Amino acid sequence: NPLIGKYVDCAYPEPLHLKNNAFQHLHQNLLAECLSRSKIQKATQISQLDDDCPLKRYIKKLYELNINRLSKALTKWFEQESKTHSASAFTFRFNGEVTMKFSLNFMELLCSIETTNATDAAKFRSVLLAYAYKHLRTACVIMAKINITPDDLQQLELSCQRYQAVTGLL
């Protein structure tokens, strides 16, 4: 018998934490895409980047959308990690406020990293990100419901499977 035994049956997963973690993961994928499209070279400050740089536009859009904690953390990370600029090196813990603002404005943020000379592969990854967002948002809406029907459970399972499959492609 496990040490926590009967207590594990009393555990209740908090939907907000699941949502925060899931949107944090989606942000990592969006940031990785943003960095892959940005020509950073030797810049050590955001102000040194070209105005058409996807990373600079992304951080500017975060400020415009009042997602200040995330934009400040990204700016600080960029200036301190000037040698690596790897999305996996960026760590930021999403809270309820950041998750809400990020999820409400995800498509605007995705559009902010688009470039006119994007390759077909980059355009495809943008579509994958939008598709992942759609299914993550659907799953979060269902998890937040008070009364969940069997149809909702089927939709939740389908949305989660599709989200996992799509993020695996990214």
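Is Cys-53 buried or exposed?

1. In this predicted model, Cys-53 is buried, its relative accessible area being 5%. The structure holds 0 disulfides, and for Cys-53, which is in none, the nearest cysteine sulfur is that of Cys-34, 6.8 Å away.

2. Cys-160 is likewise without a bonded partner, because its sulfur lies 8.3 Å from the closest cysteine sulfur, that of Cys-140, which is too far for a bond. With a relative accessible area of 39%, Cys-160 is partly exposed, whereas Cys-53 is buried.

3. The largest nonpolar core has 39 residues, and those touching the most other members are Leu-26, Leu-30, Leu-55, Tyr-58 and Phe-102. Two or more residues each come from helix H1 (15–37), helix H2 (54–64), helix H3 (68–80), helix H4 (96–104), helix H5 (106–112), helix H6 (120–143) and helix H7 (150–169), and of these H1 gives the most, with 7 residues. As background, nonpolar side chains in soluble globular proteins tend to be buried together.

4. Phe-102 deserves a closer look when the model is open: leaving aside neighbours within four places in sequence, Phe-102 is in contact with Phe-23, Leu-26, His-27, Leu-30, Tyr-58, Ile-67, Leu-70, Phe-94 and Leu-109. Among these partners, Leu-26, Leu-30 and Tyr-58 are also listed with Phe-102 as residues that touch the most other core members.

5. Ser-159 has its place in helix H7, and this serine is buried, with a relative accessible area of 0%. Beyond its neighbours within four places in sequence, Ser-159 is in contact with His-135, Thr-138 and Ala-139.

Key. Residues numbered from 1 in each chain as written. Predicted model: local features only at pLDDT ≥ 70, side-chain atom pairs only at ≥ 80, totals over all residues. Heavy atoms only, no water. Disulfide = S-S within 2.5 Å. Buried < 20%, exposed > 50% of the residue type's maximum accessible area, 1.4 Å probe, protein only. Core = buried A, V, L, I, M, F, W, Y, C linked by side-chain atoms within 4.5 Å. Helix = DSSP H or I, 4+ residues; strand = E, 2+ residues; numbered from the N terminus. Contact = heavy atoms within 4.5 Å.
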